[in-house]
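Hi,

Here is the structure I said I would pass on. Have a look, and my notes are underneath.

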Amino acid sequence: MIDIKFIRSDPDKIRESLGKRGKEIRLEELLEMDRIRREKLYQFEQLRAEQNRTGEMIARRKKQKENVDDLLNSMSQIKQNITHLEEELKSYDEQLEEILLTLPNLPHESIPVGKDSSDNRVERKWGEPNKFDFETWDHVQLGEHLKIFDFDRAVKISKTRFSLSTGMGALLERALINFMLDVHTQQHGYKEVLPPFLVNSPSMQGTGQLPKFAEDSFHIENFDLWLIPTAEVPVTNIYRDEILPDEMLPIKYVAYTPCFRSEAGSYGKDTRGMIRQHQFNKVELVKFSRPEESWDELEKLTQDAEHILQLLGLPYQVVTLCTGDLGFSASKTYDLEVWLPGQSCYREISSCSNFTDFQARRANIRFKRDKKPEFVHTLNGSGLAVGRTVVAILENYQQPDHSVVIPEVLRPYMHGLERIEPTL
């Protein structure tokens, strides 16, 4: 959420900054509502002052045994007016918050201005895409050949966009989860947490999923609980409505969770295989930072996610998202895109973002180093999306006989297995 005082103080800057996102915003409506609310608040404060003065006059007259009927009538009218204004102010507060919750975060000045992903900026590349001397298969062909995926039975159990991993496929996912958690906790200094996979509406609102993106998530109506779209939601909300001591910062958490997304509006995209699913596994990195340190923390977080790809020997590129492709809550995002031979292109495997104080204002997460509490800055990134890492390993490490070599760093997590081969 953007600070209404900042919007009020420099609306032209807000209008220009949010205009770079290329999406419709309700800024003029917000400013007009804020103006009316402040007028109502001034009237309310004047009535409160008049109420106090009238109360003092009534007390003096009673002490002098004088008639106070006229003042009592005035007091009654003042109270009615105050009650009416209180109701109006409550209504304006709710409407003002409703609009504020729909405004996206301000894009950082360092990101490119553009309309969509075609305007994103490639910052760097690591590794060279494999040049195979045989006809390559994509992960679906490989997975079915190796009998580690069963998409047909997954549809029978659930519906499309769910997967069933079996045997070495299930072991590969578990190995990747444990490998990623170990690297982030033992080498990068993150503390592991295992959060709830169902969260309440205030948690979803705190990180920006509600109210704007309700259709993208699964809701359990009778309990007002949501299946988490990412571990970012429960982990960020660990400190909702709390004031942290300065010495705790920065806080670095890593969490494995399944993630659930309805993928509303993405029908027809990546319906084959494991690229875009309703349920998938992910290891997530979350940070709480002092404001002046958050941009350095973003670079470190991105490097931590990159390190996983480097250890696995997977070629990738780092891309800065343009204003038109930037997520709702983010001020700046780096996408890590891994090379997939089956598609002959780079595909996103992690998004690393700085949300500045946008989520912290919504979730009321503050820290105290002087007298007045300040809002923290929150950051997160995938470290990594497990299913897409499986896809990348299968496609990049495939052999002419359509077996798949296991990256060396994963072998201790796979009982020493060096290769996945077809089974009966």
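Below is what I found, going from the whole chain down to a couple of spots.

First off, keep in mind that this is a predicted model. The chain has 424 residues, and 49% of them count as buried. Its secondary structure comes to twelve helices and 16 strands, and the C-alpha trace spans about 105 × 45 × 40 Å along its principal axes. If you take the contacts with a separation of 6 or more, 74% are between residues 24 or more positions apart.

On to the surface and the charges. The accessible surface is about 20800 Å², with 48% of that belonging to carbon and sulfur atoms. There are 56 positive and 68 negative side chains, and the centres of those two sets sit 4 Å apart.

One spot to look up is a nonpolar surface patch of about 280 Å², made by Leu198, Ile220 and Phe223. Leu198 belongs to strand β3, which covers residues 198–200. Leu198 counts as partly exposed because its relative accessibility is 35%, and partly exposed runs between the 20% and 50% cut-offs.

The other spot is Asp304, in helix α10 (residues 294–312). Asp304 is buried but has no salt bridge. So who is around it? Lys287 is the nearest side chain of opposite charge, 4.7 Å away, whereas a salt bridge has to be within 4 Å. Setting aside neighbours within four places in sequence, Asp304 is in contact with His184, His188, Tyr190 and Leu285.

Cheers

Note on methods
Residues numbered from 1 in each chain as written. Predicted model: local features only at pLDDT ≥ 70, side-chain atom pairs only at ≥ 80, totals over all residues. Heavy atoms only, no water. Helix = DSSP H or I, 4+ residues; strand = E, 2+ residues; numbered from the N terminus. Buried < 20%, exposed > 50% of the residue type's maximum accessible area, 1.4 Å probe, protein only. Lys, Arg positive; Asp, Glu negative; His and termini not counted. Contact = heavy atoms within 4.5 Å. Areas by Shrake-Rupley, 256 points an atom, 1.4 Å probe, with all protein chains shown as cover. Charge placed at Lys NZ, Arg CZ, Asp CG, Glu CD. Patch = residues over 30% accessible without salt bridge, like charges linked within 9 Å, V, L, I, M, F, W, Y side chains within 5 Å.
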